[in-house]
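Open the model in a viewer and keep the selection panel at hand. The stops below say what to select and what is there.

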Amino acid sequence: MAKKFILEIAKAGKDLTTAVNKDKALYSPMFLPKIYAVKKMTPDIPEGWVSGDYEYEHGLSYPPMYLYYEQQNYFQNNPASVEFDPERYVYGSQARFANMDGTRFANKSGSLDAYLVCFLDPLKSPATAPESTTHGSPRLKIGEDLVDSPDYLADTDSKYQTLKVHMQGQLSCSVPEWESTGYIGGDAIKFNWFTVTHNLGYPPVHTPFVNTVGLSLDMAYEDSIPTTFTANDVNDSWAERWAYDFGWAGVYIEGLWIYVDTTKYYVGYKRQNLTASTAHTFPARTVKVNYTIFNLPINEEFNLLA
Amino acid sequence: MAMTPVLYTARKGKDVFTDNARFRTIDSTKNQFKVFASGTETFSLNSGNSYSWSKTVSHDLGYVPLALCWAYFAEPNDDNDNMVKVEKFTLTPYAILQGTDPMTASLVSSMERDTEDVVFKFFEQDDILEFDSVNNFTLTDMVMRYLVFIDQE
């Protein structure tokens, strides 16, 4: 049996002889997801409609893992709201309308240009595995069978793009107390924006994966939003509240969105008083967001299988 | 001064030194997100499991790792009176509540992550505030695929 080699390289400032696995920049027994394409998709919107379908036929014989992001020129794609200049990008909608099968990615309710980040790694293995591919360029490939196995079985394959971290951290957002009026008083809606500068020159793939709808915090916490909370935790479980609270009729709205543009990572915090004339003081909050910004543009197409 | 060795590889046609770092496919000076645990599971939601199923991945990393999950989902049948499985993958978490007649439960996929475990949850939510009662529905051979990274998000 052929000997399987291992590649391990410690993160900057760590000693490989003492480093645990989380302190390694590369550790080939833990496979690297392989991004083979980024594809721009523009919805086909019939005249008189506000949204349309778009799809991408990926050409693989199986459904691949994916992420996707949407481009927005206005907050929530609403020209009456905050205008973004330059445009910003947001993690795409979840739920059934955007889905992947063995032939295509499809979104049945798109209104915006979107970008699909396509992995070679399968969501479901095909009945007949594809042959391994050639590269025609220097290639680092580590796996059980480098000759006959499909590329997606390799633990490491430099033919494909990896999720390289540009920067990572926790953004602590101090949202100040705000005395709102009802909508008749004219001071019923407020945005606070918090930023991290990445200066990459392109909108990067990022986490957490807060979708276009944003986090409805008043719904998630049933109007008892903690003074301090971590947005990542709410994002994991918010789906459980959405249907349970179907018909939710909160009047003091608080929500959180995440965007990126070519230079910055944004956390947007929106508060809104939906009453007609009842003044309301929104309390101060500390919102923590654990974020990762990858060294990979959202909006730059490529296909490493072409 | 000691040199620090690096490992760079680039996309085909790109130069690891002169082209922008985004074209490097591997770059040992940066952390690359690595998969600690992964798997594919097939499950059903029915009266036998109270329309609820979960997958727990124990990691004991001491911090909350990034996790991703894609799964089959459900949509109304042609008569709009029940929900049926769709053999396509969508990203989780999700909550799917459709206006079928009679009303059916919502299909929910969510996640719990802590310093020891990642739990991927799939269940039907029938205690919806707006409705006195809703019907559950059976889903057989649902498929979910997950990744748990060793890296924090």
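Two residues are in contact here if their C-beta atoms, placed from the backbone, lie within 7 Å. With that cut-off, and leaving aside neighbours within four places in sequence, L67(A) is in contact with V117(A) and V205(A). The tour comes back to L67(A) after an overview.

**Whole model**

This is a predicted model. Its scores are ipTM 0.95 and pTM 0.95. Colour chain B by pLDDT: the mean is 94, and 99% of the residues of chain B reach 70 or more.

**Chain A, overall**

Select chain A and show the C-alpha trace, which spans about 75 × 55 × 40 Å along its principal axes. A cartoon view shows two helices and 22 strands in chain A. Of the 306 residues in chain A, 41% are buried. Take the contacts in chain A between residues at least 6 apart in sequence: 70% of them join residues at least 24 apart.

**The two domains of chain A**

Colour residues 35–162 of chain A as domain 1 and residues 165–297 as domain 2, following the domain assignment. The centres of these two domains of chain A, taken over C-alpha atoms, are separated by 26 Å. How many residues does each domain of chain A bring to the contact? Domain 1 of chain A brings 14 residues and domain 2 of chain A brings 16 residues.

Now select β5 (64–74) and β6 (83–91) of chain A, the elements that give two or more residues to the side of domain 1 that touches domain 2. The most comes from β6(A), with six residues on that side of domain 1 of chain A. Coloured by class, the side of domain 1 of chain A that touches domain 2 of chain A shows seven nonpolar, four polar and three charged residues.

**L67(A) and V117(A)**

Stay on β5 of chain A and pick L67(A), which has its place in this strand. L67(A) counts as buried because 21 other C-beta atoms lie within 10 Å, where the cut-off for a buried residue is 20 or more. Draw a C-alpha to C-alpha distance from L67(A) to Y115(A): the two are 8.5 Å apart in space and 48 residues apart in sequence.

Next, select V117(A), one of the two contacts of L67(A) named at the start. Residues up to four places away in sequence not counted, V117(A) touches I35(A), V38(A), Y66(A), L67(A), Y68(A) and V205(A).

Which residues touch the most other members of the largest nonpolar core? They are Y66(A), L116(A) and V117(A), in a core of 101 residues. Bring chain B back into view at this point, since β5(B) gives the most to this core, with eight residues.

**Strand β15 of chain A**

V205(A), which L67(A) also contacts, leads to strand β15 (residues 204–207) of chain A. Show its side chains: P204(A) and H206(A) point one way, V205(A) and T207(A) point the other way, and all are buried. Add strand β21 (residues 285–297) of chain A, which pairs with β15(A) in the antiparallel sense over three bridges. For H206(A), the bridge partner in β21(A) is I293(A).

**Y36(A)**

Move to Y36(A) in strand β3 (residues 35–41) of chain A. Is Y36(A) buried or exposed? Y36(A) is buried, because 24 other C-beta atoms lie within 10 Å. Which residues does Y36(A) touch, not counting those up to four places away in sequence? They are C118(A), F119(A), L120(A), Y160(A), N303(A), L304(A) and L305(A). For L305(A), the C-alpha separation from Y36(A) is 6.6 Å, with their positions 269 residues apart along the chain.

**Chain B and its side towards chain A**

Select chain B and colour domain 1 (1–32) and domain 2 (33–149). The C-alpha centres of these two domains of chain B lie 39 Å apart.

Then show both chains: 51 residues of chain B are in contact with 54 residues of chain A. On chain B, at least two residues each come from β2 (24–27), β3 (35–45), β5 (67–76), β6 (83–91), β7 (94–96), β8 (106–113) and β10 (139–149). The largest share, seven residues, is supplied by β8(B). As a last step, colour the side of chain B that touches chain A by class: its residues divide into 24 nonpolar, 13 polar and 14 charged.

Conventions: Residues numbered from 1 in each chain as written. Chains lettered and ligands numbered in written order. Predicted model: local features only at pLDDT ≥ 70, side-chain atom pairs only at ≥ 80, totals over all residues. Helix = DSSP H or I, 4+ residues; strand = E, 2+ residues; numbered from the N terminus. Nonpolar A, V, L, I, M, F, W, Y, C, P; charged D, E, K, R; others polar. Domains from an automatic or database assignment. Buried ≥ 20, exposed ≤ 12 C-beta atoms within 10 Å, placed from the backbone. Core = buried A, V, L, I, M, F, W, Y, C linked by C-beta atoms within 7 Å. pLDDT = per-residue confidence, 0-100. Pairing = 2+ DSSP bridges.
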